[in-house]
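Me: I've got a model open and I'd like a close look at just one part of it. Could you walk me through it in plain words?

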Amino acid sequence: MRSRLEIVAELRGGRTVVRAIRGGGHFAGRQTEPGTVHLVGTAAGPLGGDHAVVDVHVHEGARLSVRSAGATIIQPGRLQPDSVVELNLHVHDGAYLDLATEPTVVCHGAHHENRTTIGLSGSGQARVVEQVLLGRAYEPPGVWAGRTVVTRDGSPLLRHTLRSSLVAVGGVRVISTLVSTEGSYTPATTGDASALPLAGGGLLVTATGSDLLPVEADLLGATNAARVAAYAAPGS
């Protein structure tokens with residue numbers, strides 16, 4: 001099954017208006033308050049063989065938050081295990097996108113890939129938080145890979161790939177990442193999280209662990225530590 005959801009936000013009269021939410025399939029979009037859209041799962045999965053695409057356009061000057069109503073459960077299909085969720089995020093000049101959804105749970109037997117592409121124009125900025133949980137409680141993990149590509153005006157800012165086959169060792173079953181394209185930072189670590197500043201401004205934070213809440217705390221802690229260290233650095 002292939003599906004596509006498109007969300008379009010723009011600035012009208014000084015406030016963000018969600019001009020369009022169209023398409024669907026695996027996900028639907030619901031505006032829950034001004035400038036905020038929640039993704040709602042409307043079909044099982046994605047299952048093996050499925051490819052779900054979510055396109056988000058934030059036009060000049062608008063500010064949009066994207067959240068989800070619950071975890072996304074990835075299960076293997078009857079004939080094949082592979083599935084893909086693709087996020088195509090377009091943030092125009094002066095706009096801001098904050099995307100932080102509930103965890104993606106990759107069930108045993110599933111092979112899932114997340115592809116996130118963030119295209120920035122002019123002074124557009126974005127913060128994207130993704131969380132992956134390998135396997136439900138008391139079951140072996142599924143297989144996951146995540147690819148994040150960030151560009152500004154067509155120039156590359158970040159190419160980043162994580163694979164559970166390399167990261168999920170020693171009891172690791174939670175993988176979380178945060179990408180922020182604005183601000184200056186210095187490298188920092190907290191617990192099992194590491195924060196690395198991007199050459200063009202912004203930050204990439206990666207955190208791993210066996211339980212979701214401690215990983216979330218490490219992710220936030222490393223982000224704050226990198227910000228504090230930057231402010232405390234000579235010449236800042």
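Which residue in S11 is the bridge partner of Val91?

Reply: Happy to. Keep in mind that this is a predicted model. The residue you're after is Leu120, which is the bridge partner of Val91 in S11.

Let's look at the strand around that residue. Strand S11 covers residues 111-120, and strand S8 covers residues 82-91. S8 and S11 run parallel, and 10 bridges join them. S11 also pairs with strand S13, which covers residues 143-152. Here, too, the strands run parallel and are joined by 10 bridges. For one spot to find on screen, go to His112: this residue stands opposite Trp144 in S13.

Now follow the side chains along S11. In a regular strand, side chains alternate between the two faces of the sheet. You can see that pattern in S11, where His112, Asn114, Thr116, Ile118 and Leu120 point to one face and are buried. His111, Glu113, Arg115, Thr117 and Gly119 point to the other face and are not buried. So what does "buried" mean for that split? A residue gets the label because its relative accessible area is under 20%. Notice that Leu120, the partner of Val91, sits on the buried face, and so does His112, the residue opposite Trp144.

Let's zoom out to see where this strand belongs. The chain's secondary structure comes to two helices and 18 strands. Its radius of gyration is 18 Å, close to the 18 Å that the globule rule gives for 236 residues, so the chain is as compact as a globular protein of that length. Along the principal axes, the C-alpha atoms fill a box of roughly 55 × 40 × 30 Å. Buried residues make up 50% of the 236 residues. If you take the contacts between residues at least 6 apart in sequence, 70% of them join residues at least 24 apart.

For a look at a helix as well, try Ala226 in helix H2, which covers residues 212-232. Ala226 counts as buried because its relative accessibility is 0%. Setting aside neighbours within four places in sequence, Ala226 is in contact with Tyr185, Thr186, Ala188, Ala195 and Leu203. You could also find Ser194: Ala226 and Ser194 are 32 residues apart in sequence, and their C-alpha atoms are 9.1 Å apart in space.

Conventions
Residues are numbered from 1 along each chain as its sequence is written. This is a predicted model: local features need pLDDT of at least 70, side-chain atom pairs count only at pLDDT 80 or more; totals for chains, interfaces and linings use all residues. Side-chain values use heavy atoms; hydrogens and water are left out. Helices (H or I, at least four residues) and strands (E, at least two) are DSSP runs, numbered from the N terminus. The radius of gyration is taken over C-alpha atoms; the globule rule is 2.2 Å times the number of residues to the power 0.38. Buried means under 20% relative accessible area, exposed over 50%, partly exposed in between (1.4 Å probe, protein chains only). Contact means heavy atoms within 4.5 Å. Two strands pair if DSSP finds at least two bridges between them.
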